Amino acid sequence: SEPVRTLLAGLRFECVIVDEAHHARRRNLGPAKRHQAADGNNLLRFLERVAPRTKSLLLATATPVQIDPIEAWDLLHALNIGNETVLGTKWSRWETRAREGLGLVLGREEPPREPAETWEWLRDPLPPAAEDTRIAAIRQTLGVAERAVYAAPEAFEALRPSDQARLRDAGADFFAEHNPYIRQIVRRTREFLEEAIDPTTNEPYLPRVRVRLFGEGSDASVALSGLLRDAYEAAEEFCEEVGKRPGLNSGFLKTILLRRVGSTIVAGRRTAERILGREETADDEGEREEEDEGDQRSSLQPLLTEEERLLGRFLALLEQAGEEDPKYRAVERILLEGVEGTGPWLEAGCIVFSQYFDSAFSVAERLSGRLPAEAVAVYAGSGRSGVFRDGDFVRLEREVIKESVRRGEMRLVVGTDAASEGLNLQRLGTLINLDLPWNPTRLEQRKGRIQRIGQVRETVFVYNMRYRDSVEDRVHEQLSGRLAAIRDLFGQVPDTLQDVWVATALRDEERVLEIIDEVPAQHPFNLRYDRIAAVDWESCAEVLDARVQVAALMKGWNGSV
């Protein structure tokens, strides 16, 4: 908020670290808005104000580019304010011609043919001599100090003919290999950190924890029986009907029932009852399982006649079916029997994730009835966590559940996405995604609960569930060929791909392809940094921080203080 930004931006800082920095982004993205000035959100505007008031600014994110490379420029621009070594002075080409610079870096535009034009891009900021012998020669000709990051435009006239020839012959190389993006953005993939060796320990920086994924094949989706299939199609018809409402621009409201029924039949039924006003909304109070969810009963009121008819048909079909959710049966089978020869997952400890409390609570309750001797924890938000024992539910604080898992006293947890961040479950070795979140980053966050430092197993198991021929199944089919490439490119799946789910639910195939095609085919920077430099303290010429000096001097000969 503005008062908080003003307060913090009025202070001075030694260091500011921003995690999940991709949340600092412009609002006006997309091909149609590429020529508009950046309209930064609150966080991006704050970074621009605080950057000149801190000695060090570190932006950490797994996805610096969501849908447009200009987002990487926005982050570098924030870093450059008050520190013109990143993109150069306010007159530099990298600052004033952002789109053109990205086009050159990505190879979308032809590099300039004239050496003088290449020089305008190269000189501000001027790359360090260590990057390339040609740059070292140019610096030497001009007598530019090693720490200097700027050369005047008229310095081009002082370059030797051989230096100008280098600029002419190697212009494309300069844009590909010596641009500010690869100089300032350090990529560290998990795979890299699991393979790179820390010279101080002679061990990898991260212990390797492999993930074995199940449920990905086209035949691995969960089939719905005849009546349940009909009910799902009625939910699709309802959402299509809501989508016809004039003035309703919220993709979330248009697809709310499909989001819920795609999780579990129970969640879909309760959502329909709430929209119709037949059930209180207490289950949703206190925890927003999806942003902007609000009160489902009032957000679509008053219902139109056809909408109400389709909702009634959806509920009638579910009542006629009277069947147990096939997803629950699949969860039970995996826990007790395993899959593809893995053995029972319950023995390794398991967390079952769902987007919605309705789904999580229902599955935990059923599992407790099936496994009366097993403690089944429910990990959710806003005082709704607890544990089932012998079918009875007792509310517990989340910290108590976490401690019980850590001590090995509890091996089965059913959680909402309230458990997908800030929760360490290294004691558990398996994970079942009861549903596929329409915000794909959440899948990565869920997996991170067990694929983390301290996991005692070399391989953890993850099972992703979806109903056959559902929105999730269709999106999976659309993206399956590209998800691996997108993950390799960005480190994880961009949040903005959640729009694919909405477009698929609304049967807007043209928009689906448009969104997928908007994802860049390559990164605006390469994996330049392929090693982590070790410091040889015996010959180090760096000046140590005073506190480090004191700590070193206070150590005895045997290393003790």
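At what angle do helix α18 and α19 pack, and how far apart are their axes? Keep that question in mind while the model, which is a predicted one, is coloured by confidence for a first look. The mean pLDDT of the chain is 80, and 78% of its residues reach 70 or more. If you then select residues 281–298, you will be looking at a stretch where the pLDDT is below 50, although in the model this stretch has 53 contacts beyond its near neighbours in sequence.

**First stop: α18 and α19**

Select residues 326–337, which form helix α18, together with α19, and the opening question can be settled: the two pack at an angle of about 50 degrees, and their axes are 11 Å apart. The two helices are therefore oblique to each other, and the crossing of α18 and α19 is right-handed. To see what makes the contact, show the side chains of Y328, V331, E332, L335 and L336 on α18, and those of V363, R366, L367 and R370 on α19. Sorted by class, the residues of this contact divide into six nonpolar and three charged, with no polar ones.

**Second stop: α19 and α15**

Keep α19, residues 357–370, on display and add helix α15, residues 265–275; the axes of this pair come within 8 Å and cross at roughly 130 degrees. Helices α15 and α19 are therefore also described as oblique to each other, and their crossing is right-handed. On the α15 side the contact is made by V266, A267, R270 and R274, while α19 contributes D358, S359 and S362. By class, this contact of α15 with α19 holds two nonpolar, two polar and three charged residues.

**Third stop: the sheet**

Now bring in the strands, where an open sheet of eight can be followed in the order β5-β12-β11-β6-β10-β7-β8-β9, with mixed pairing. Why is one side of β5 (210–214) and of β9 (392–395) left without a neighbour in the sheet? Both strands stand at the edges, and each has a single partner strand, so there is no neighbour on the other side. Looking along the sheet, you can follow how neighbouring strands are turned against each other by 20 degrees on average, direction ignored.

Within the sheet, select strand β6 (residues 350–353) and strand β11 (residues 430–433), which run parallel and are joined by four bridges. A place to zoom in on this pair is F353, which stands opposite N433 in β11.

With the strands still shown, return to α19, which lies across β7 (376–379), β8 (386–389), β9 and β10 (412–415), and runs at about 170 degrees to β7. Helix α20, residues 398–406, also packs on the sheet, where it touches β7, β8 and β10, and its direction makes about 135 degrees with that of β7.

**Fourth stop: α7 and α8**

Move next to helix α7, residues 133–142, and helix α8, residues 161–169, whose axes come within 10 Å and cross at roughly 145 degrees. Here α7 passes α8 in a left-handed crossing. Show R134, A137, I138 and T141 in α7, and you will find that they meet D163, R166 and L167 in α8. The class count for this contact of α7 with α8 is three nonpolar, one polar and three charged residues.

**Last stop: two backbone details in loops**

From α7, step into the loop between α6 (115–122) and α7, where P125 is found. The peptide bond that joins D124 and P125 is cis, with omega at about 5 degrees.

Finally, go to the loop between β1 (13–18) and α2 (42–50) and select E20. Although E20 is not a glycine, its phi is positive, at about 50 degrees.

Key:
Residues are numbered from 1 along each chain as its sequence is written. Side-chain values use heavy atoms; hydrogens and water are left out. Axes are lines fitted to C-alpha atoms, for helices over the stretch in contact, and angles run from 0 to 180 degrees between N-to-C directions. Angles under 35 degrees count as roughly parallel, over 145 as roughly antiparallel, 65 to 115 as roughly perpendicular and the rest as oblique. A crossing is left-handed if the near helix is turned anticlockwise from the far one by less than a right angle, and right-handed if clockwise. Contact means heavy atoms within 4.5 Å. Ala, Val, Leu, Ile, Met, Phe, Trp, Tyr, Cys and Pro count as nonpolar, Asp, Glu, Lys and Arg as charged, and the others, Gly among them, as polar. Two strands pair if DSSP finds at least two bridges between them. pLDDT is the predictor's confidence in each residue, from 0 to 100.
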